[in-house]
Amino acid sequence: MGEVHHRIGNGNSSFCHTDWTGHGYLSQAVPFIDIHDFELTIKQVWQYDNWNLSCIYSWLPHHAIQEINGIKPHFHDSVVDCFVWKSETDSVYIAKSGFRWLSNLSTNDIVADQWSWIWKLPTSENIRFFISLIYHDSLTTNVLRFRRKVTSSPLCLRCGLHHKTILRCLRDRHNALHVWYVVGLEQMPNFFPSDIKSWIKDSNSHKGNLFMSTPRWNWRARNSHCLSFETMTMHHILTMIYNDIKCLKMVYLPSSRQLHNQRLV
């Protein structure tokens, strides 16, 4: 999280759903969180000056256990757990400190994260906007709602087993994956990276309009099911995808007659 880290005070933060180790949520490091651990706090696991990991019902990977054992918290009942800014002695963020931190980032880190290419895509504005939401991990999934404290769990409400991420909604869930299979993109090289930015950028460079339109209609089909309890048929989804592509070709690709009439100087 860069210069921001979690400071343990009274230890009442969630043990599984708070990034208090500095290595991400524990809930994201395991296949699922046991229901007994949902409301477990950091302080409840720290007993007699040691971590009592035997009280946790969920399976923890070895690297997570090592990260936890490497932390020796000091609790203060009058101090609330919170995220603080490491660069200042009083842990309070100021603009000067933030600018100094940004200035120290390497040029490669900044260039690697550029997203202006999205707005140069030869497609409609609504698809560009949708692709930018995916790229910035800003679609309203349960993971995003959980991160913003709108819901108590990042898990999918339908299956209750997996974190409802953008990749889960648009690519990995069985009905979304079936659409990718039918349009012929599921067999594309490097189609299943875990990094959403790599997926959206690399896949788009291979298949262009077909790739850009498919996640949009997967998302609309998902919303139709979740919000209106209506199921889009595969025929309807495919029709809308190929209608998008047809319209985009008419707008962005010059006709053969126009190409023939161009004068070469």
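Student: Which residues of α5 are buried?
Tutor: This model is predicted: local features need pLDDT of at least 70, side-chain atom pairs count only at pLDDT 80 or more, and totals for chains, interfaces and linings use all residues. Residues are numbered from 1 along each chain as its sequence is written, and side-chain values use heavy atoms, leaving out hydrogens and water. Buried means under 20% relative accessible area, exposed over 50%, partly exposed in between (1.4 Å probe, protein chains only). In α5, a DSSP run (H or I, at least four residues) numbered from the N terminus, the buried set is I127, R128, F130, I131, S132, I134 and Y135.

Student: Where is F129, and is F129 buried or partly exposed?
Tutor: F129 sits in helix α5, residues 125-135. Its relative accessibility is 47%, so F129 counts as partly exposed.

Student: What area does the nonpolar surface patch with F129 have?
Tutor: Patch members have over 30% relative accessible area and no salt bridge; nonpolar side chains are joined within 5 Å, like charges within 9 Å. A salt bridge puts a Lys or Arg side-chain nitrogen within 4 Å of an Asp or Glu carboxyl oxygen. Areas are Shrake-Rupley, 1.4 Å probe, with only the protein chains shown as cover for residues. W115, W119 and F129 make a patch of about 320 Å².

Student: Which residue with positive phi follows α5?
Tutor: Look just past the helix. Phi is near 55 degrees at D137.

Student: Why does Y48 count as exposed?
Tutor: Y48 lies in the loop between β2 (46-47) and β3 (50-51), strands being DSSP E runs of at least two residues. Its phi is positive, near 55 degrees, and Y48 is not glycine. Y48 counts as exposed because its relative accessibility is 79%.

Student: What is the phi of D49?
Tutor: D49 is also in the β2-β3 loop. D49 counts as exposed because its relative accessibility is 57%. Its phi is positive, in a residue other than glycine: near 65 degrees.
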